[in-house]
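The exercises below treat side-chain packing, sheet order and backbone geometry. Please work through each task with the model in view before turning to its solution.

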Amino acid sequence: MKILVIQNKMGIGDMVIYLPFIEAISKKFNTPVSILVKESSKADQFLKDSNIINKIIILDRNNKLKNGRHEGLAGSYNLARDLKQHDFDKVFIFNSSFRFNLIVRIAGIKSIHQYSLLQKKDQHVIEAAKELLRTSLGLNVESDPKILISSQAVQEAKSKYKINNDEKNILLGIGGSGTTKRIPAVIFIKLIHLITQKYKCKFFLATGKNNQEQEILKEILDTEFKNECYELDNLSLAETLPIIKNCDISICNDSSFSHLSSGLGIKTIVLMADTPLLYGSYSPRMYPIIPDGEDTVTHDTLGKERISPYKVFEKLKSILG
């Protein structure tokens, strides 16, 4: 049986969130599945060692030039034609799009499982997926994403970066996709100070190439802790994952690194400044920290200046024991 899963959200985090549901489908039918995803999900970089996915098909739309192969009416036809070549028997569509429903019908896929059509408003990212598999397959799926990478890559990273058990190896996910999510460098610097007072540490700093992210990175490296810090911004995602897997713990902004870290099995403290709490608490390995003065966090909380390094440190101590 050939099965397709359509997950058309943009981010790495979204891709990670849907992994338990893709895994459940694969196990139910005892076969790896194909996935249709956007290039921005980076699925090809962090799912290449997955045993539940055998093919990654890129949905070529929503680029800046709006000239992707799957854009518009002609693009819908192209996508249907592309999917038809794979001769899929069954499809699971993790959205309410009538467009995708029509495309897979044109592609000749007979068995279609999808969210209720045209019901996107206020749709819960996890509960909707749970309900789809509960009603279509009778499965109760827990939100516990797992990312597999080769043990050889993990050992090679351990050797290359001289990672050893005599010190605490800590991922600091200091980057973030939006300005309001990026915790100021001064808070990370204070946190590093607190941690190094108690533990012998090596810090791996994960960020992107955005100017503001690079400024935060520079501020941290321009301190007395420079020799304990190793920047990862020049590495590919595939090169970064084995390093994360070697870490004892992660402390991350609400960013792709918090999702990847927890998916790799690393206990992850998530600094939630301006995004619904769900995105930093859906995994049993996530430990959210919210801004001082707040009972919860959502869009427009704007709390990045109120993340307490002392609260983060206390949480880290309790996790490390």
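**Exercise 1. Charges and rings**

Determine over the face of which ring R99 lies, and at what distance from the ring centre.

Solution. R99 lies over the face of F100, at 5.7 Å from the ring centre. A charge counts as over a ring if NZ of Lys or CZ of Arg is within 6 Å of the ring centre and within 35 degrees of the ring normal. The charged end of K198 likewise sits over a ring, that of Y199, 5.6 Å from its centre.

The model is predicted: local features need pLDDT of at least 70 and side-chain atom pairs pLDDT 80 or more, whereas totals for chains, interfaces and linings use all residues. Numbering starts from 1 along each chain as its sequence is written, and side-chain values use heavy atoms, without hydrogens or water.

**Exercise 2. An aromatic pair**

Classify the pair formed by the rings of Y161 and F204, and state where each residue lies.

Solution. The structure holds seven aromatic pairs (Phe, Tyr or six-membered Trp rings with centres within 6.5 Å; planes under 30 degrees apart are stacked, over 60 edge-to-face, the rest tilted).
- Step 1: the centres of the Y161 and F204 rings are 6.4 Å apart and the planes stand at 85°, so the pair is edge-to-face.
- Step 2: Y161 belongs to the loop between α7 (151-160) and β6 (168-173), and F204 to strand β7 (residues 201-206); the pair thus links distant parts of the chain, 43 residues apart. Helices (H or I, at least four residues) and strands (E, at least two) are DSSP runs, numbered from the N terminus.
- Step 3: both Y161 and F204 are buried (under 20% relative accessible area; exposed is over 50%, partly exposed in between; 1.4 Å probe, protein chains only).
- Step 4: elsewhere, ring pairs join Y18, F21, F94 and Y115 into a cluster.

**Exercise 3. The five-stranded sheet**

In what order do the five strands of the open sheet run, and which strands stand at the edges?

Solution. The order is β3-β2-β1-β4-β5, with parallel pairing; strands pair if DSSP finds at least two bridges between them. At the edges stand β3 (53-59) and β5 (111-114), each with a single partner strand, so one side of each has no neighbour in the sheet. Further in, β1 (residues 3-6) pairs with β4 (residues 90-93) in the parallel sense over four bridges. Within this pairing, L4 is placed opposite V91 in β4.

**Exercise 4. The six-stranded sheet**

Give the order of the open sheet of six strands and follow its pairings through β6, β7 and β8.

Solution. The order is β8-β7-β6-β9-β10-β11, again with parallel pairing. The edge strands, β8 (229-231) and β11, each pair on one side only.
- Step 1: five of the six residues of β6 are buried, so this strand is largely enclosed by the rest of the structure.
- Step 2: β6 runs parallel to β7 and is joined to it by six bridges; G173 stands opposite A206 in β7.
- Step 3: β7 and β8 run parallel and are joined by three bridges, where L205 has E231 in β8 as its bridge partner.

**Exercise 5. Nonpolar cores and a buried methionine**

How many residues has the largest nonpolar core, and what are the contacts of I25 and M286?

Solution. The largest nonpolar core (buried Ala, Val, Leu, Ile, Met, Phe, Trp, Tyr and Cys joined through side-chain atoms within 4.5 Å) has 55 residues. Those with the most contacts inside the core are M15, I25, I35, F46, F94, L133 and L171. Beyond its neighbours within four places in sequence, I25 is in contact (heavy atoms within 4.5 Å) with I3, V5, V33, F92, F94, L133 and L137. Another core, of 32 residues, lies apart from the largest; I220, V312, L316 and I319 are among its members.

M286 lies in strand β11 and is buried, with a relative accessible area of 6%. Leaving aside neighbours within four places in sequence, the contacts of M286 include S258, H259, S262, T268 and V270. M286 and V270 are 16 residues apart in sequence, yet 6.6 Å apart in space, C-alpha to C-alpha.

**Exercise 6. Positive phi**

Describe the phi values of N30 and D300 and the setting of each residue.

Solution. Most residues other than glycine have a negative phi. N30, not a glycine, has a positive phi of about 55°. This residue lies in the loop between α2 (19-29) and β2 (33-38) and is exposed, with a relative accessible area of 70%. D300, also not a glycine, has a positive phi of about 75°. Its place is the loop between β11 (286-289) and α12 (309-320), and D300 is exposed, with a relative accessible area of 64%.
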